[in-house]
Amino acid sequence: MSKDLINKILITLGFIFLYRLLAYVPVPGVNIDVVKEFFDSNANNALGLVNMFSGNAVERLSIISLGIMPYITASIIMELLAATFPALGKMKKERDGMQKYMQIIRYTTIVITLIQSIGVSMGLNSLTGQSGQSAISIDMDTFVAVSSISMLTGTMLLMWIGEQITQKGIGNGISLIIFAGIVSAIPSAIGGTIDLVNNGQMNFLTVIAIVVIILATVGAIIYVELAERRVPVSYSRKVMMQNQKKRVMNYIPIKLNLAGVIPAIFASAILMFPATVLQGSQNPILVAIADYLSPSSYTFNVFMFLFVVFFAFFYASITFNAKDISENLKKQGGFIPGVRPGGSTAEFLNETASRLTFWGALYLGAISTVPWLVVKAMGVPFYFGGVAVLIVVQVAIDTMRKIEAQQYQSKYETLSAVGL
């Protein structure tokens, strides 16, 4: 392993450690015991899902309670606008324009964070513990101002940490932050399950069944994530002669799941945004809407499936550009046997990618909902969804691939340096 790769891994681990430290910095003026008591009784609804994604930062009412979800929500909005308005899409593709594009996302993140933080702060005003203690220990107006600024600062820090990991570390920073949050909650989930078994609230056979479901879900994710369609490519004899000493790929790999983990993250962010804002409301209509959007409801999982499928198609159309691939292939003197170069090749690749994306989208939707349906049918008294497993496995696979790519790059640079 090269020194450069070791440094990148250490940088990544250092920023993740900083992220976990921030999860223990509470918002000033809040009674943490009352908030913890409230979240323990709401582990099976939207707040439980939000708490899971934040690595239990919400139940401590940390300054990073809102997590990275406001940034993801802002990114979703910008992606949709870029696909709708050509001028914005053009800005995203240009180098200078990309900086402006990212700046707009940051400003949008600030607005979303302020809306969510104010909603959470006002909701805490009516929260009391079993002994009648208030969740807020200072003046309400002061608390809203202080907590909003604190949460905004925390989200901005997470956004900065994510960008630093992407630029200087290994892997996608935003995905790794979510990954770290979910993984950090595993020990407490195991401890809670053991307590349920000891208290007689859960049968030991049920625990074994849950473990089997988790292993089956992990196996299915790994199998599908490694699946790809290899479109054969041929090169002219002239090109082959020119590249005798170079490795020429003779196929185009098209993954079954072109969108990766993004659809599940986007869908979760969209569904958690209104649920988080409405959770503290006392209005009967808003309370009913919040119940419909609870992760333990069938409505939530129907929307989850639909949103995941939609974003799978949407994101795949952005990441896979058949026209650029066909043009590059033509420039390199390559062609797909039986398909004319140029427009016909682009059309063939688009059709192939669309068929794969159809099955990939159904797979993502099923993984995001089916494990919960099975666990709910078993009567398990806590929330378990495939989205968390999907994110953990996909991010782990993606990070390992990037580490391997970095290792291969270091080997090639070493061989080039010695003239081989």
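Here are a few notes on the structure above, which is a predicted model.

1. Start with the surface. Phe17, Leu18, Leu21, Leu157 and Trp160 make up a nonpolar patch there, and together they have about 460 Å² of accessible area. Two helices, α1 (3-22) and α7 (140-168), each bring at least two residues to the patch. The top contributor is α1, with three residues.

2. Leu157 is worth a look on its own. This leucine sits in helix α7 and is one of the patch residues. Is Leu157 buried or exposed? Neither, quite: Leu157 counts as partly exposed because its relative accessibility is 33%, and that class runs between the 20% and 50% cut-offs.

3. Now for the inside. The largest nonpolar core has 91 residues, and Leu61, Ile72 and Leu124 have the most contacts within it. Which helix gives the most to this core? That would be α17 (residues 386-417), with nine residues.

4. Zooming in on Leu124, one of the best-connected core residues: setting aside neighbours within four places in sequence, Leu124 is in contact with Val35, Leu61, Ala135, Ile136 and Phe143. Leu61 thus turns up both as a contact of Leu124 and among the core residues with the most contacts.

5. Last, Thr108, which is found in helix α6 (residues 95-124). A polar atom of the Thr108 side chain lies 2.8 Å from the backbone oxygen of Ile104. If you leave out residues up to four places away in sequence, Thr108 also touches Ala74 and Ile77.

Methods:
Residues numbered from 1 in each chain as written. Predicted model: local features only at pLDDT ≥ 70, side-chain atom pairs only at ≥ 80, totals over all residues. Heavy atoms only, no water. Patch = residues over 30% accessible without salt bridge, like charges linked within 9 Å, V, L, I, M, F, W, Y side chains within 5 Å. Areas by Shrake-Rupley, 256 points an atom, 1.4 Å probe, with all protein chains shown as cover. Salt bridge = Lys/Arg side-chain N within 4 Å of Asp/Glu carboxyl O. Helix = DSSP H or I, 4+ residues; strand = E, 2+ residues; numbered from the N terminus. Buried < 20%, exposed > 50% of the residue type's maximum accessible area, 1.4 Å probe, protein only. Polar contact = N/O pair within 3.5 Å; in protein donor to acceptor, adjacent residues only side chain to side chain. Contact = heavy atoms within 4.5 Å. Core = buried A, V, L, I, M, F, W, Y, C linked by side-chain atoms within 4.5 Å.
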